[in-house]
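Here is a short set of exercises to work through with the model open beside you. Try each task before you read its solution.

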Amino acid sequence: MKLKKNKYQGHVIKKVHINSIADEMDINVGDILLTINGREIEDVFDYRYLITNEYIEVLIKKQNGEEWILEIEKDYEEDLGIEFESGLMSACRSCRNKCIFCFIDQMPPGMRETLYFKDDDSRLSFLQGNYITLTNMSQKDVDRIVKFRLAPINISIHTTNPELRSKMLNNRFAGEKLKYLETFYKAGIEMNGQIVLCKNVNDGEELKRSIDDLSKFLPYLKSVSVVPAGVTKYRDGLFKLEMFNRQDADRVIDMIESRQQEFYNKYGLHFIHASDEWYIMAERDFPEENRYDGYLQIENGVGMMRSFINEFYKALHNIKRRKDYNSLSNNIKNKLTIATGKLAYAAINDFAKKITEAFPHIEINVVCIRNDFFGETITVSGLITGKDLIKQIKERLDKGEELGKTLMIPSNMLRVGEDVFLDDVTISQVEKALGMKVVPVDSDGKKFLDAVSKQGQM
C-alpha cells in the first residue's frame, strides 16, 4: 500500500513582539510553529482557537533543527506575540463570482497586479472586516466558524431573492448559500451585512423584501448597510448599470428610515442603514449620531460624515474655550489648500469656512478633484490618483492661483501605511511636481482641525 505523504511543514514565524510570551520563551524569527496541544494548524482559524486556553503546549522547530516543547501558562485568549509569513497562515481564497457591479472588473488595464485580485475569504472577514459572499464556503468552513465562535462575520448579501442573487453574482450557487445566514443565526454568531444597490435590479420592492427577510436574523445580524454601486468609465462588455439620481436617493432613504424606529424599539438596533452617498446625493442632512448604533459600518461609508462633523464641531468648540484662543487665532495666518473628492467637497468647504471664521488670518482653498482616471461618476476621495491630483492642482498654479505651500489630502487617497497613491505615484513625486508640502490627514474631525491649525502656524 502506498502511504499518503503528509505535506504539513508548519508555519514560519516572521515577527516576534518584544516582551511577549514568545519573546520570553526564546522563540525567534525564522522558527517554525509545528503544533499546539499536539494538533497541526491548518490556518489562522485553528491558531486563534487553540491559543485561547490558559494552558497550552507549543511545539516549535528551531532553525538548527531542534524541536522544543514549550509549556505555557497565560491569560485566557492572550496572544503569544508572534506573526507569520502569511497573515492567514495559508493561501488567500479568490472570488469565484463575476458580480454585475464588481469594481475590480471596472479597473483599467496596466495597474499593479495585486489590485486585480478579488478575495472572498471568510478568514479575512474575521481578521480585517472584509465582506464575503459565502459562495466560497463549504459546510466545513461554516462549522469551524460556529465551533471557534469567530465573530463578527461580514457578509455581502445584496438580495435575499435566491434567483436574483445568483444572477447578480453570476454564480448558480449564490442563492442557496444564503442558508448559512440561518446557521449563523441559530448558533448566535454575530454578523453584519451589506447590500450593493443596483438601479432597477435589487432596489425598490426587492430591497423591501431583503430588509424584511434579513430582519428575521436580528439581533445577531446587527447591521445591514445599503450602498450604491460604483460605476467607472471602464464598463465595456459588462452589465449595463444605470446611475442613481436625487429622486432615487430620496426613495432609498425614505424606505430605510421608515423601518429604523421599528427595529430599534424591538431590538435596540436601528439595523438597516443608508451609506453617506445617499444623503449627499439627496442633499439631505445626515442622521443624528445615535442612529448609527455605535458606527458599526463606518468603514463601509456609513456614518463617516456624521462622525467627522461631530468631532470637528466639538474640537472647534473646545478651541474657542481655551484661555489662549485670541493669541492662537492671531498666530494662525498661513495660506493652504485642501484637496478632496466631489462627494465630500461641500462638507469640507463648510468646515473651511468655519475655520476661517474662527481664525480670520488663515486662508484656505478647497479644491474638488475630478476623477479623470476612473471617470467623473466616481466621487470618493479614496479613489483619486496621484496623476489626477498633480494635473488639476498644477492647472490652478499655472493660472496664477496662490494656493500656499501646503497641500492637505485625506489619508485614504494613499495605500494603508504607505506614501503611495493608487496609481503608484508617491507623495514625494507630488511634492516635487507642485512645489508644495503634502500633508495626509485621517478621516477624523478633530485631527483635521488640528492639522489645519498646525499648518496655519507654519
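**Exercise 1. Decide whether valine 366 is buried, partly exposed or exposed, and describe its surroundings.**

Solution. Start with the relative accessible area of valine 366, which is 10%. Buried means under 20%, exposed over 50%, and partly exposed in between, with a 1.4 Å probe and protein chains only. Valine 366 is therefore buried.

Next, place the residue: valine 366 belongs to strand β12, residues 363–368. Helices (H or I, at least four residues) and strands (E, at least two) are DSSP runs, numbered from the N terminus.

Now list the neighbours, where contact means heavy atoms within 4.5 Å. Leaving out residues up to four places away in sequence, valine 366 touches Ile338, Thr340, Tyr345, Ile348, Asn349 and Ala352. Finally, compare sequence and space: aspartate 350 is 16 residues from valine 366 in sequence, and their C-alpha atoms are 9.7 Å apart.

A note on the source: this is a predicted model, in which local features need pLDDT of at least 70 and side-chain atom pairs count only at pLDDT 80 or more, while totals for chains, interfaces and linings use all residues. Residues are numbered from 1 along each chain as its sequence is written, and side-chain values use heavy atoms, with hydrogens and water left out.

**Exercise 2. Do the same for threonine 35: find its strand, its burial class and its contacts.**

Solution. Threonine 35 sits in strand β2, residues 32–36. Its relative accessible area is 13%, so threonine 35 is buried. Beyond residues up to four places away in sequence, the contacts of threonine 35 are Tyr8, Glu40, Ile41, Glu57, Val58 and Leu59.

**Exercise 3. Explain why cysteine 102 has no bond to cysteine 99.**

Solution. Begin with the chemistry: a disulfide is a covalent bond between the sulfur atoms of two cysteines. The criterion here is a pair of cysteine sulfur atoms within 2.5 Å. For cysteine 102, the closest cysteine sulfur is that of cysteine 99, and because the distance is 6.2 Å, it is too far for a bond. By this rule the count comes to zero disulfides. As for accessibility, cysteine 102 is buried at 14%, whereas cysteine 368 is partly exposed at 28%.

**Exercise 4. Find backbone geometry that deserves a second look.**

Solution. Keep the background in mind: most residues other than glycine have a negative phi, and most peptide bonds are trans. Then go through these cases:

- The bond between alanine 151 and proline 152 is cis, with omega about -5°; proline 152 is in the loop between α4 (139–148) and β7 (153–156).
- The bond from leucine 218 to proline 219 is also cis, with omega near 0°; proline 219 is in the loop between α7 (205–214) and β9 (221–228).
- Asparagine 19 has a positive phi near 65° and lies in the loop between β1 (11–16) and α1 (21–24); at 65% relative accessible area, asparagine 19 is exposed.
- Asparagine 170 has a positive phi near 50° and lies in the loop between α5 (162–169) and α6 (179–187).

**Exercise 5. Check whether the radius of gyration of the chain agrees with a compact globule.**

Solution. Take the radius over C-alpha atoms and apply the globule rule, 2.2 Å times the number of residues to the power 0.38. With 458 residues, the rule gives a value near 23 Å; the chain has 25 Å, which agrees. Along its principal axes, the C-alpha trace spans about 80 × 55 × 45 Å. To complete the picture, the chain holds 15 helices and 14 strands, and 50% of its residues count as buried.
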